[in-house]
Amino acid sequence: MDIRSLKTFLYAAELSSFTRAGETLGYSQSTVSFHIKQLENELGVRLFERINHTVSLTGRGREVLQYAQQIIQLERDLTQMLKDEPEAAGHIRLAMADSLCPAFFDGDFQGFRRQFPNITLKIITAGTEEMFRLLNRNETDLVVTLDNHIYHAEYVIVQEKQLPMHFVARTGHPLAGRRQLSVEELLSYPFLLTEKGMSYRRLMDERLAARSLEVSPVVELSNTDQICRLVEQDIGISFLPDYATENWVRCGALTYLPVTDFDIDIWLQLLHHRDKWISPAMRHVIAYCGGLYAALRPASHAI
């Protein structure tokens, strides 16, 4: 049933005139007549008596009027309710690489909690393959990947940014003073890396394997800040995204190694399934994630 036809019927009944109803609604008289005829055909009853250019409700028309008034009032209440959107609430599940968690909470998360106290979050740390398994099973609402650029018709890319990667060593490391290095020269030194198969570690291993090279790290762990501490202690060198190392480099504890023959494109992407309903709570979490993208520097040329 067309709400417009019900509204036209309501005004025609209250004003006892198709002409005045049309003037009030901004319709021509023929449009008003069409709406009324359409409603009568749909209901299977005559709503108005039309005599000598006057209209008056039939008995069934008066009965329909009561229901029409209720339906129009409900439509107005619904429109007002949606306009006055209630305080956002809900539980949002967000899967991301473990190394992104500090950057996620380093934003104004306290401000987010003050503004949206009824939104709760579950952060799931996982590798890229596991993230998309969760997404396809509706066990997470959003994923933040740190991997190759991902495009698939099943997923919607909400935000994305390319990020720079570097090999890093302690300032004062024997390789730190070199103006140019090959990746083969690095492999004779101990490495500290994230877990095998995890995002950029996987990309590095694949790139090395394509050149018949392999690295066997002395330590593997997910916490990039701890890796940076171990690098600072000269336990080994590492391969990390700049957002994890830039503060260490800025304070002089670590330095980027000028490896010129080993480029990896790493992308930070926020995605959801194309069939996912974007609730108000999810929309606010997506907006907060925008701060994560702003905080992490875009890709730049290697040193």
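**Exercise 1. Determine which residues of helix H11 are buried and what covers them.**

Step 1. The elements that cover the buried residues of H11 include strand S5 (142-147), strand S6 (155-163), S7, helix H10 (224-232), S10 and strand S11 (254-257). Contact here means heavy atoms within 4.5 Å. Helices (H or I, at least four residues) and strands (E, at least two) are DSSP runs, numbered from the N terminus.

Step 2. H11 covers residues 242-250, and its buried residues are Asp-242, Tyr-243, Ala-244, Thr-245, Glu-246 and Trp-248. A residue is buried under 20% relative accessible area, exposed over 50%, and partly exposed in between (1.4 Å probe, protein chains only).

Step 3. Gly-252, just after H11, has a positive phi of about 90°.

Two remarks on the source apply throughout. The model is predicted, so local features need pLDDT of at least 70 and side-chain atom pairs count only at pLDDT 80 or more, while totals for chains, interfaces and linings use all residues. Residues are numbered from 1 along each chain as its sequence is written, and side-chain values use heavy atoms, with hydrogens and water left out.

**Exercise 2. Count the aromatic pairs and describe the pair of Phe-109 and Phe-112 and the pair of Phe-167 and Phe-239.**

Step 1. Rings of Phe, Tyr and Trp (its six-membered ring) pair if their centres lie within 6.5 Å; planes under 30 degrees apart count as stacked, over 60 as edge-to-face and the rest as tilted. This rule gives 15 aromatic pairs.

Step 2. Phe-109 and Phe-112 are stacked, with 6.0 Å centre to centre and 20° between the planes. The two residues are three apart in helix H6 (residues 109-115), so about one helical turn separates them. Phe-112 is buried because its relative accessibility is 6%.

Step 3. Phe-167 and Phe-239 form a tilted pair, at 4.5 Å centre to centre and 40° between the planes. This pair links distant parts of the chain: Phe-167 belongs to strand S7 (residues 165-170) and Phe-239 to strand S10 (residues 238-241), 72 residues apart. Both ends are buried, Phe-167 with a relative accessible area of 3% and Phe-239 with 4%.

Step 4. Ring pairs also join Phe-104, Phe-105, Phe-109, Phe-112, Phe-116 and Tyr-288 into a cluster.

**Exercise 3. Describe the largest cavity and its lining.**

Step 1. On a 1 Å grid over the protein atoms alone, a cavity is a set of points where a 1.4 Å probe fits but cannot get out; lining residues have an atom within 4 Å of a point. Grid points are joined across faces, edges and corners, and the volume is the space filled by probe spheres set on the points.

Step 2. There are two cavities of 30 Å³ or more, and the largest cavity holds about 70 Å³ of space.

Step 3. Its lining consists of Ala-97, Asp-98, Ser-99, Thr-194, Glu-195, Met-198, Ser-199, Tyr-200 and Ser-222. By class, the lining of the largest cavity has three nonpolar, four polar and two charged residues. In this sorting Ala, Val, Leu, Ile, Met, Phe, Trp, Tyr, Cys and Pro count as nonpolar, Asp, Glu, Lys and Arg as charged, and the others, Gly among them, as polar.

**Exercise 4. Place Arg-201 and Ala-176, and list what each touches.**

Step 1. Arg-201 is in helix H9 (residues 199-210), and it is buried because its relative accessible area is 3%.

Step 2. Leaving out residues up to four places away in sequence, Arg-201 touches Leu-193, Thr-194, Glu-195, Lys-196, Pro-217 and Glu-220.

Step 3. Ala-176 is found in the loop between S7 and helix H8 (183-186). With 24% relative accessibility, Ala-176 is partly exposed.

Step 4. With the same sequence limit of four places, Ala-176 touches Arg-170, Thr-255 and Leu-257. Ala-176 and Ile-278 are 102 residues apart in sequence and 48 Å apart in space, C-alpha to C-alpha.

**Exercise 5. State where Ser-16 and Ser-212 lie and give the phi of each.**

Step 1. Most residues other than glycine have a negative phi.

Step 2. Ser-16, not a glycine, has a positive phi of about 55°. Ser-16 sits in the loop between helix H1 (3-15) and helix H2 (18-25), and is partly exposed at a relative accessible area of 45%.

Step 3. Ser-212 also has a positive phi, near 60°. The place of Ser-212 is the loop between H9 and strand S9 (219-220). Its relative accessibility of 71% makes Ser-212 exposed.

Definitions and conventions: On a 1 Å grid over the protein atoms alone, a cavity is a set of points where a 1.4 Å probe fits but cannot get out, and a pocket is an open set with protein on both sides within 12 Å along at least five of seven lines; lining residues have an atom within 4 Å of a point.
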